[in-house]
Amino acid sequence: MTWDLVSLRPVGRVVGGRGEMVEDDWHDVRAVIRLDEESFTSSAVLGLEHFSHLEVVFLFDRIDSAAVHSEPRPPRGKPGAAPVGVFAHRGPYRPNRLGVSRCRLLAVDGLNLSVADLDALSGSPVLDVKPYLVEFGPRHPVAQPAWATELMSRYYRAPRRPSSPSG
């Protein structure tokens, strides 16, 4: 079987938020998805302000495609973890280097979408933006291995507030 090459043009870029990859604590990281003003007008986001969450498809553009391998490896490179295949984890070293994230939509200002909890780095090309609809969520109970729950326990954890000195 032969496959056709697919070429995508970004619809925008992530502005702000994190500039360096950090595995955890993405809770409340704020950024803007700036849509391409040469391709879109504000009519492209008409009605989007009525949604609370978005699904965002982006490119892991800082991952060297030569570093992507399909053989099983431990999730997040944890040496004691059992290896899993590339399609059994959500890491950035993926065949097409695509990321999918659900984030909160805070505001729509023209072609600027203010978001929180988006785990894409500043400058990342955004390939698509969709409103999150409850009806597209799982309709049956979700199952996942214990290692995934443990690994992700700090991913969207709210940062700890420093305790105030007593006295």
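Here is a short chat about how some labels on this predicted model are earned.

Visitor: What is the overall run of elements in the protein?

Guide: There are one helix and six strands, and from the N terminus on they go β-β-β-β-β-β-α.

Visitor: Why is Ser101 called buried?

Guide: Its relative accessibility is 3%, and buried means under 20%, so Ser101 makes the cut. You'll find Ser101 in strand 4, residues 98-109.

Visitor: What makes the link between Ser101 and Asp119 a polar contact?

Guide: The distance between their side chains is 2.6 Å, and the limit for such a pair of N or O atoms is within 3.5 Å. So the pair qualifies as a polar contact.

Visitor: Why are Phe58 and Phe60 called an edge-to-face pair?

Guide: Start with the count, which is one aromatic pair. The ring centres of Phe58 and Phe60 are 5.1 Å apart and the planes sit at 75°. Pairing needs centres within 6.5 Å, and edge-to-face needs planes over 60 degrees apart, so edge-to-face it is.

Visitor: Are those two rings buried or exposed?

Guide: Phe58 is buried at 2% relative accessible area. Phe60 is buried too, at 16%, because the cut-off is under 20%.

Visitor: How do you know that Asp36 and Arg9 form a salt bridge?

Guide: Their N to O distance is 3.1 Å, and the rule asks for within 4 Å, so the pair passes. Asp36 lies in the loop between strand 2 (30-35) and strand 3 (53-59), while Arg9 is in the segment before strand 1 (12-15), so the bridge ties together parts 27 residues apart in sequence.

Visitor: What label does each partner get for accessibility?

Guide: Asp36 is buried at 19%, since buried means under 20%. Arg9 comes in at 56%, and over 50% is exposed, so that's the label for Arg9.

Visitor: How many salt bridges does the structure hold?

Guide: Four. Among them is the one between Asp117 and Arg104, at 2.8 Å, N to O. Asp117 lies in the loop between strand 5 (112-116) and strand 6 (125-131) and Arg104 in strand 4, so this pair ties together parts 13 residues apart in sequence.

Visitor: Why is Arg104 called partly exposed?

Guide: Its relative accessible area is 24%, and partly exposed lies between the 20% and 50% limits, so Arg104 falls in that band. Asp117, at 10%, is buried.

Definitions and conventions. Residues are numbered from 1 along each chain as its sequence is written. This is a predicted model: local features need pLDDT of at least 70, side-chain atom pairs count only at pLDDT 80 or more; totals for chains, interfaces and linings use all residues. Side-chain values use heavy atoms; hydrogens and water are left out. Helices (H or I, at least four residues) and strands (E, at least two) are DSSP runs, numbered from the N terminus. Buried means under 20% relative accessible area, exposed over 50%, partly exposed in between (1.4 Å probe, protein chains only). A polar contact is a pair of N or O atoms within 3.5 Å; within protein, one must be able to donate a hydrogen and the other to accept it, and residues adjacent in sequence count only if both atoms are side-chain atoms. Rings of Phe, Tyr and Trp (its six-membered ring) pair if their centres lie within 6.5 Å; planes under 30 degrees apart count as stacked, over 60 as edge-to-face and the rest as tilted. A salt bridge is a side-chain nitrogen of Lys or Arg within 4 Å of a carboxyl oxygen of Asp or Glu.
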